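Opening the notebook on this one. I want to go through some helix packing, then the ligand site, then the domain layout.

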Amino acid sequence: LPAIFEPARPVLQKIEAAGYEAYFVGGCVRDTILHDDIHDIDIATSAYPSEIKAIFNHTVDTGIEHGTVMILDHGTGYETTTFRTESGYQDYRRPDKVTFVRSLSEDLKRRDFTINALALREDGEVIDLFNGLTDLQKHLIRAVGDPNERFHEDALRMMRAVRFASKLNFVIDGPTLTGIKENAPLLAKIAVERIRVEFEKLMLGQKPVAGLQDFISTGLYQYCPGLADAKDVLSALLLLNHWELENEAQLWAVICIQLQLDQGEINKFLKKWKTANDLISQVKKIVPAVTAIRQRSLMPVTIFKTGAAALHDANQVAKLYGWAIPDKDLQAAYQQLPIKNSKELAVDGKMLITKAGIKPGPLMGKIIQQLTTTVINGKITNDPVALLNEAQKIMKEG
Ligand code: ATP
Ligand code: MG
């Protein structure tokens with residue numbers, strides 16, 4: 001048994017001692033065999049959720065209607081899911097009815113790809129019913145069973161295939177790829193949030209170009225928000241070599257740059273993808289900053305407005321295109337800002353009222369903004385006396 005599973009071994013042993021079967025399954029088995037890092041350990045068992053809860057003192061109902069209970073053991077949580085089959089796939093979406101079963105093979109059969117359908121016993125034996133180990137060796141993503149049927153059951157699996165191509169730098173097996181091409185339009189039935197998760201994982205994977213290539217050639221992109229006509233624009237990404245994207249904001253900025261979207265269009269586009277509002281505002285800061293970096297016209301005011309995080313993101317995006325400036329130069333430029341945010345201005349509204357005789361109102365906001373800009377541009381020091389004088393000057397000039 002690989003060392004990483006040792007701490008979880010007593011959990012399987014305890015379930016088995018109670019008379020049930022239990023295995024490590026899914027991504028953790030696949031990634032361990034590939035010598036990749038694993039983030040969490042999933043367990044599949046013949047025990048029903050109530051039976052698991054009777055065996056362990058500390059459990060959390062994380063998804064009990066789907067058969068998932070989290071077992072807490074020495075501070076670690078193990079998602080433990082009862083063997084199940086899924087039926088009644090209506091609308092090409094994940095089924096709403098799951099049936100608990102007592103057989104491992106039934107459970108493995110419903111999984112998407114052979115490399116994801118491996119189970120690992122507590123004694124180290126790998127259960128491999130669909131030649132997943134061979135496919136792991138060959139670096140192949142192959143549907144369990146008939147690809148056409150499997151994509152009809154759940155169209156999201158097509159997006160999962162292309163994201164695993166990127167995540168693992170694997171090739172999609174011929175018939176599976178054909179199955180995706182033939183069923184790509186079914187993706188339109190899938191909730192955009194779920195497509196987004198897979199697309200983001202694709203863009204942040206080991207080999208985005210591999211995943212994107214399949215995403216384009218299979219036609220899946222046509223059924224994604226705002227990308228129906230984006231074949232050329234997406235294909236241009238395949239020529240880029242320096243993929244070091246670190247987060248969602250960066251990858252969405254790349255897509256928006258490719259599509260040449262302006263601020264209003266970025267908003268509309270990302271709303272269609274149902275991204276969080278925080279992400280939208282971050283992308284709207286990153287995109288113009290990338291342009292400024294590209295044109296070597298990054299002014300203190302832009303640096304100030306962009307902020308440290310978006311600035312870093314922008315340079316990371318710029319790296320992909322070969323436009324970046326050295327990170328340390330960018331950091332130095334940021335550090336040189338006399339103030340990093342408007343709260344650091346040496347005067348505030350209250351002072352402007354009491355000490356400079358400015359009345360509250362719309363002019364106030366304008367004055368504060370103008371003072372901020374003047375300080376950032378180094379035209380005046382961030383000092384209360386100087387700023388109050390300047391404020392009065394602005395007021396007189398109207
Ligand atoms: P990751 O490391 O990205 O989490 P993973 O393989 O663990 O990869 P999950 O989405 O966490 O992927 O799913 C866990 C397991 O559940 C998969 O390995 C697969 O066996 C099964 N699975 C997940 N989604 C589907 C699906 N849509 N259809 C069939 N099986 C699925
Ligand atoms: Mg997982």
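**Entry 1: α12 against α14.** I started with who touches whom here. From α12, the residues E248, A249, W252, A253, C256 and I257 meet L279, Q282, V283, I286, V287 and V290 of α14. Sorted by class, this contact of α12 with α14 has ten nonpolar residues, one polar and one charged. Note to self: the model is predicted, and everything below is read off that model.

Next I looked up the geometry of the pair. Helix α12 covers residues 248-258 and helix α14 covers 277-294; their axes are 9 Å apart and the packing angle is about 55 degrees. That angle makes α12 oblique to α14. I also checked the hand: α12 passes α14 in a right-handed crossing.

**Entry 2: α7 against α10.** How far apart are the axes of α7 and α10, and at what angle do they cross? I get axes that come within 6 Å, crossing at roughly 155 degrees, with α10 running over residues 208-217. So α7 is roughly antiparallel to α10. The contact itself uses V162, R163, A165 and S166 on the α7 side, and P208, A210, G211, D214 and F215 on the α10 side. I sorted the contact of α7 with α10 too, and it comes to five nonpolar, two polar and two charged residues. The crossing of α7 past α10 is right-handed.

**Entry 3: α18 against α19.** Down to helix α18 (residues 362-376) and helix α19 (residues 384-397). Their axes come within 10 Å and cross at roughly 125 degrees. This makes α18 oblique to α19. I wrote down the contact residues: I367, Q370, L371 and T374 come from α18, while L387, E390, A391, I394 and M395 come from α19. The class split for α18 with α19 is six nonpolar, two polar and one charged. I logged the hand as well: α18 passes α19 in a right-handed crossing.

**Entry 4: ligand 1.** Which residues surround ligand 1? I listed G26, G27, R111, D112, N116, A117, D154, L156, R157 and R160. By class, the shell has two nonpolar, three polar and five charged residues. I then asked which helix gives the most to this shell. That is α7, residues 156-168, with three residues, and I had already met α7 in its contact with α10.

Why does ligand 1 lie between two domains? Domain 1 (1-138) and domain 2 (142-239) both give residues to its shell, so the ligand lies between them.

**Entry 5: domains.** Last, the layout of the chain. I have domain 1 at 1-138, domain 2 at 142-239, domain 3 at 242-337 and domain 4 at 342-397. I also looked up one spacing: the centres of domain 3 and domain 4, taken over C-alpha atoms, are separated by 30 Å.

Notes
Residues are numbered from 1 along each chain as its sequence is written. Chains are lettered from A and ligands numbered from 1 in the order in which they are written. This is a predicted model: local features need pLDDT of at least 70, side-chain atom pairs count only at pLDDT 80 or more; totals for chains, interfaces and linings use all residues. Axes are lines fitted to C-alpha atoms, for helices over the stretch in contact, and angles run from 0 to 180 degrees between N-to-C directions. Helices (H or I, at least four residues) and strands (E, at least two) are DSSP runs, numbered from the N terminus. Angles under 35 degrees count as roughly parallel, over 145 as roughly antiparallel, 65 to 115 as roughly perpendicular and the rest as oblique. A crossing is left-handed if the near helix is turned anticlockwise from the far one by less than a right angle, and right-handed if clockwise. Two residues are in contact if their C-beta atoms, placed from the backbone, lie within 7 Å. Ala, Val, Leu, Ile, Met, Phe, Trp, Tyr, Cys and Pro count as nonpolar, Asp, Glu, Lys and Arg as charged, and the others, Gly among them, as polar. A residue is near a molecule or strand if its C-beta atom, placed from the backbone, lies within 6 Å of it. Domain bounds come from an automatic or database domain assignment.
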